[in-house]
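Here is a friendly walk through one protein chain, with an eye on confidence, cavities and aromatic rings. Have the coordinates open as you read along.

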Amino acid sequence: MKLSPSQIIVLATPVFLLLIAVEMAWGAWRGRNTYRLNDAINSISLGMLSQITAVLTRLFRIGIYTAVFSRVSLWHNDAFWMSPVGWLLALVFYDFCYYWLHRAGHEVSVFWAAHVVHHQSQDYNLSTALRQTSSGALLGWIFYLPMALAGVPPLVFGVVALIDLLYQFWVHTEHVGKLGWFDRWFCSPSNHRVHHAVNDTYLDRNYGGVLVIWDRMFGSFREEDQKCVYGTRAPLQSWDPLWSNFEVYWALARDSWHARSWADKLRVWFKPPGWRPADVAARFPKPAFSMEGVTRYHPPMTSAMAWFAGLQFTVLLGGVALFLWHADQLPVSQSAVWLAALMASLWAIGAAMQGRIGMLEVFLIEAGALATACAAQGWIDLHRVFKPLAMVLAIVFVLQRSAWLRSAGQFEFKLLAALVLCLAGDVLLMLEGLFIPGLVSFLAAHLCYLALFKQGQSWFPSGRALFATLGAAVAMYAFLFPHLGPVLKVAVAAYAVVIALMAAQAIGRAVVLRDAASVAVAVGSVFFMLSDTVLAINRFAQPLPLAQFWVLATYYAAQVLIVRNAVLASRGAFGNPTYELNARPA
């Protein structure tokens, strides 16, 4: 039986988890626990995210390697590379290339943007080993081209890459001390602890994956001789796995945008991490790193939330394993759909541990993600369960919240009416021959949203927003008009006008209030327009690729943004009620 790299990782995962459990038990027995639940879940979540994105990026990385090997390799001798000596030489060759990739990951900002994920944990344990980047493959392949040029077959390259990666798991522990002669030749726990430390004398040292002799040869070796402090010099301060992968790219893009010199706009990406153009540093200063100022990120979490996050994570781990086992047989489009669904669920767990959302909101996001993925996959029976379930959860969330907002009866009534009508529309659209009733339900729902967004504001306070949304609606209707029957011409025209007005009102509110909640609601209204646009084009004009995915992904994004952010709060600047970004009372 030939196993794919993803399947090998699935089979290795129980071993990883068992060893993590052993390390936890050993630490508890010795009175030296090195684990925190939130950090461990975050690290393993990033590992899961890395593996599910690798299903897509592996094609890119291996494809380039195979193309170079096939067309421009200097020496073809598969028999040699498949011999014991060839395998060993290939592993050493790979580790040498890995050393330079790893070193670039610490000395060149664009590579650090990918590699930083592995260093963000302020703990050091076996779960940290699983904390891997999701974007490293986009540029990392460059460093392995010498192997392709030398004629190392893609199969051999893939196997030694996996061996090199698996070897590095065990070195992420504080419970193994120095190992004498082994430390002088190989990457060991002691050597790798130095690599993860932010101490001045340890910074950017010990890059070797299997062998540490490369560090000794090229002047980057440092022996462990003082207590290590782990993390990065610009702490992540979040359990968000998406932001973890994106934060440094965003910081580099922002500095590049603000730099006045075109040369500096480019240098930002290739200078060492932390380098900033002088004009940008002057206008947007950042505090200098101080060892004395290092604090461990550890937002409070109730025992109920800890149990909830742990159970959610366990179920999600099973889902990821199931996906990875079958990923190589799935079309790329379906893999991308499940990547998006799993990514949304991982984000929700991190947000819950951080206190940004509650348990009910996690279920809402997961139900929406599953409804979207099942529709795109063609699993109609499951889709018919999760689609209405998502809206039921949204309604329950608002009902639960209304206990905190006793004075907001009219506001809550409008929001609940909109959600109930959306639920009715969801159910009707899933049934044959009930498209028009479903359309009418959503039309009424958008009228409720329109009234909701009007509360506390004048009608359409931004003329530009009104012009833009109505213009978009007219253009879309003109495009659809030849494809519509007499009844649909009237129904779609009414629907297009109402949703355009709803979006215009939400955007106008955001223009006036200029708070994060209003902007989020406005974005949600735009997502509604996008969802209906894709639905209409796909149904009446021409089939679109992955139409169900885009329709439902934007629909649930709209609902979540509006339900979470449209919260009646204190009186605003005009003496009228406004909405604030806070799903709970202050």
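pLDDT is the predictor's confidence in each residue, on a scale from 0 to 100. That score matters here, as this is a predicted model.

**Confidence**

Averaged over the chain, the pLDDT is 91, and 95% of the residues score at least 70. Among the elements, helix 11 (residues 189–196) has the highest confidence, at 98, while strand 2 (residues 577–580) has the lowest, at a mean of 41. Around that strand, the pLDDT is below 50 over residues 568–586. Beyond near neighbours in sequence, this stretch still has 49 contacts in the model.

**Cavities**

How many cavities of 30 Å³ or more does the structure hold? There are two. The largest encloses about 90 Å³ of space. Its lining is made up of 13 residues, and those closest to the centre are Gln 120, Gln 122, Gln 237, Trp 239 and Tyr 297. Sorted by class, the lining of the largest cavity comprises four nonpolar, six polar and three charged residues.

The second largest cavity has a volume of about 40 Å³. Its lining consists of Ile 41, Asn 42, Ser 45, Trp 239, Pro 241, Leu 346, Ile 349, Gly 350 and Met 353. Two elements each give two or more residues to this lining: helix 2 (37–72) and helix 17 (332–354). Helix 17 supplies the largest share, four residues. By class, the second largest cavity is lined by six nonpolar and three polar residues, with no charged ones. Trp 239 turns up in both places: it is among the residues closest to the centre of the largest cavity, and it also lines the second largest cavity.

**A buried serine**

Ser 525 sits in helix 24 (residues 516–541). Is this residue buried or exposed? Its relative accessible area is 0%, so Ser 525 counts as buried. Setting aside neighbours within four places in sequence, Ser 525 touches Met 502, Ala 503, Ala 506, Ile 507 and Ile 562.

**Aromatic pairs**

A pair of aromatic rings is described by the distance of the centres and the angle of the planes. The structure holds 36 such pairs, and two of them are set out below.

| Pair | Centre to centre | Angle between planes | Arrangement |
|---|---|---|---|
| Tyr 99 and Trp 100 | 5.0 Å | 85 degrees | edge-to-face |
| Trp 338 and Trp 379 | 5.5 Å | 45 degrees | tilted |

Tyr 99 is buried, at 0% relative accessibility, whereas its partner Trp 100 is partly exposed, with a relative accessible area of 30%. Both residues belong to a cluster in which ring pairs link Phe 96, Tyr 99, Trp 100, Tyr 207, Trp 214 and Phe 218.

Why is the pair of Trp 338 and Trp 379 called tilted? The planes of the two rings meet at 45 degrees, and pairs are edge-to-face over 60 degrees and stacked under 30, so this one falls in the remaining class. The pair links distant parts of the chain, 41 residues apart. Trp 338 lies in helix 17, and Trp 379 in the loop between helix 18 (359–377) and helix 19 (380–402). Trp 338 has a relative accessibility of 13%, so this residue counts as buried. Trp 379, at 40%, counts as partly exposed.

Helix 17 thus links two of these topics: it gives four residues to the lining of the second largest cavity, and it also carries Trp 338 of the tilted pair.

How values were computed: Residues are numbered from 1 along each chain as its sequence is written. This is a predicted model: local features need pLDDT of at least 70, side-chain atom pairs count only at pLDDT 80 or more; totals for chains, interfaces and linings use all residues. Side-chain values use heavy atoms; hydrogens and water are left out. On a 1 Å grid over the protein atoms alone, a cavity is a set of points where a 1.4 Å probe fits but cannot get out, and a pocket is an open set with protein on both sides within 12 Å along at least five of seven lines; lining residues have an atom within 4 Å of a point. Grid points are joined across faces, edges and corners, and a volume is the space filled by probe spheres set on the points. Ala, Val, Leu, Ile, Met, Phe, Trp, Tyr, Cys and Pro count as nonpolar, Asp, Glu, Lys and Arg as charged, and the others, Gly among them, as polar. Contact means heavy atoms within 4.5 Å. Buried means under 20% relative accessible area, exposed over 50%, partly exposed in between (1.4 Å probe, protein chains only). Rings of Phe, Tyr and Trp (its six-membered ring) pair if their centres lie within 6.5 Å; planes under 30 degrees apart count as stacked, over 60 as edge-to-face and the rest as tilted.
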